[in-house]
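Q: I would like a close look at one part of this model, followed by an account of the surroundings in which that part should be read. Please take the local question first and then widen the view.

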Amino acid sequence: MTLLEIKNVNKEYKAGQKALNNVSLSIDEGEFVVIIGPSGAGKSTLIRIINQLVAPTSGDVIFKGQSISSAKGKELRRLRSHIGMIFQHYNLIERTNVLKNVLHGKLGQVSFFTSAFGRYSQEDRNTAMDLLKQVGLEDQAYKRADELSGGQMQRVGICRALMQNPALILADEPIASLDPKSSDVVMRQLKDITESKGVTTIVNLHQVDVAKKFATRIIGVRKGEIVFDGKPSELTDDMIETIYNNELSQAGKIKSIPVVSMSQEEGQVYG
Ligand SMILES: Nc1ncnc2c1ncn2[C@@H]1O[C@H](COP(=O)(O)OP(=O)(O)OP(=O)(O)O)[C@@H](O)[C@H]1O
């Protein structure tokens, strides 16, 4: 069943400069979609337009059968409460313990007093603890968030997003600040836990090899347009070069070639 439809979406931050150019796509429930593309291609803009952190210049975003791009106020908050976000820099409250950070995922679904005074129900606490167990962090529940490693913090970020029981998770470069091993753990857990809960997931990544390893569908974006949309097995080396062509041909940007050492360990090197 279709969960999300992006219809003829354009985004111009500055008049005449298209960050997204007539993008249309449809995402079904249960998909694990990875968006790849060079720096500045429009990946973050595409992710942010889905939950209206960025408003499209034109076009429509339909989520669960309703237009989120024309929703305002209470209605927009209601639709957003079904969408969990995972961020590159985790966005945890560092001085607060891990369990409370996970419980913060309930914000928007509980009263101001519940969240302000930490009076979450036992049921919510049990759910948060269960989620931490599923990512192997139950022992860390009462540690301050800033005592964790980056990979552990991102796993807390995953639990916090799931705490709101979302239909959709958007992850904007969730492993960009992590080493290859931690990246692999985070992506594996994100995939397993969202799959087990039937949550649809859309992730922006710079690493093509990681995309191929975990995605059920890969979308390649270049200069604000979708230039590839298919299964990981259909993403050929030629297509990767098409998506990243400009990057590869500009010697000065060589650092942005999307290959990390994890792929080398596995003998899957692209680019
Ligand atoms: N807030 C903004 N104001 C003006 N221009 C912006 C803004 N955000 C993004 N852009 C521009 O829109 C285009 C797409 O940017 P976007 O961040 O979506 O790309 P990206 O593929 O996510 O890049 P990266 O991988 O480097 O994060 C770029 O040309 C960028 O400079």
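Between which two strands lies the loop in which Lys-64 is found?

A: The model is a predicted one. Lys-64 belongs to the loop that connects strand E4 (58-63) with strand E5 (66-67). Its phi is near 50°, which is a positive value in a residue other than glycine. Most residues other than glycine have a negative phi. Lys-64 counts as partly exposed because its relative accessibility is 42%, a value between the limits of 20% and 50%.

A positive phi also occurs at Asn-8, another residue that is not a glycine, where the angle is about 45°. Asn-8, however, is located in strand E1. With a relative accessible area of 43%, Asn-8 is partly exposed.

Strand E1 (2-14) is preceded by the segment that holds Met-1. Met-1 counts as exposed because its relative accessibility reaches 74%, above the 50% limit. Beyond its neighbours within four places in sequence, Met-1 makes contact with Asp-28 and Glu-29. Gly-30 is separated from Met-1 by 29 residues in sequence, yet their C-alpha atoms are 8.9 Å apart.

Positive phi values also follow three of the helices. After H1 comes Gln-52, with phi near 70°; just after H6, Asn-165 has a phi of about 50°; and H7 is followed by Gly-198, whose phi is near 70°. The three helices are taken in turn below, beginning with the one that contributes to the ligand site.

Helix H1 (residues 43-50) supplies 3 residues to the shell around the ligand, which is the largest share. The helix is largely enclosed by the rest of the structure, because 6 of its 8 residues are buried. These buried residues are Lys-43, Thr-45, Leu-46, Ile-47, Ile-49 and Ile-50. Two of them, Lys-43 and Thr-45, also appear among the residues around the ligand.

The shell as a whole comprises Tyr-13, Ala-19, Pro-38, Ser-39, Gly-40, Ala-41, Gly-42, Lys-43, Ser-44, Thr-45, Glu-173 and His-206. By residue class it divides into 4 nonpolar, 6 polar and 2 charged members. Polar contacts to ligand oxygen atoms come from both backbone and side chains. A polar backbone atom of Ser-44 is 2.8 Å from an oxygen atom of the ligand. In the side chain of Thr-45, an N or O atom lies 2.5 Å from a ligand oxygen. His-206 places a polar side-chain atom 2.9 Å from an oxygen atom of the ligand. On its own the ligand has 630 Å² of accessible area, and the protein covers 57% of that.

Helix H6 (residues 150-163) contains 14 residues, and the distance from its first C-alpha to its last is 20 Å, close to the 20 Å expected at 1.5 Å a residue. H6 is mostly covered, with 13 of its 14 residues buried.

Helix H7 (residues 180-196) includes Lys-181. The end C-alpha atoms of H7 are 24 Å apart, which agrees with the 24 Å that its 17 residues should span at 1.5 Å a residue. The N-terminal end of H7 is capped by Asp-179, a side-chain oxygen of which lies 3.0 Å from the backbone nitrogen of Lys-181. Lys-181 itself is exposed, since its relative accessible area is 63%. Elsewhere in H7, the buried residues are Ser-183, Val-186, Met-187, Gln-189, Leu-190, Lys-191, Ile-193 and Thr-194. Lys-181 also relates H7 to an earlier part of the chain: Gly-151 is 30 residues away in sequence, and the two C-alpha atoms are 9.0 Å apart.

These elements belong to a chain with 10 helices and 10 strands. Of its 271 residues, 49% count as buried. The chain exposes about 12,700 Å², of which carbon and sulfur atoms supply 46%. Among contacts between residues at least 6 apart in sequence, 68% join residues at least 24 apart.

To return to the part in question, Lys-64 lies in the loop between E4 and E5, has a positive phi near 50° and is partly exposed.

Note on methods: Residues are numbered from 1 along each chain as its sequence is written. This is a predicted model: local features need pLDDT of at least 70, side-chain atom pairs count only at pLDDT 80 or more; totals for chains, interfaces and linings use all residues. Side-chain values use heavy atoms; hydrogens and water are left out. Helices (H or I, at least four residues) and strands (E, at least two) are DSSP runs, numbered from the N terminus. The expected span of a helix is 1.5 Å times one less than its number of residues. Buried means under 20% relative accessible area, exposed over 50%, partly exposed in between (1.4 Å probe, protein chains only). A residue is near a molecule or strand if one of its heavy atoms lies within 4 Å of it. A polar contact is a pair of N or O atoms within 3.5 Å; within protein, one must be able to donate a hydrogen and the other to accept it, and residues adjacent in sequence count only if both atoms are side-chain atoms. Accessible areas come from the Shrake-Rupley method with a 1.4 Å probe; for residues, only the protein chains shown count as cover. Ala, Val, Leu, Ile, Met, Phe, Trp, Tyr, Cys and Pro count as nonpolar, Asp, Glu, Lys and Arg as charged, and the others, Gly among them, as polar. Contact means heavy atoms within 4.5 Å.
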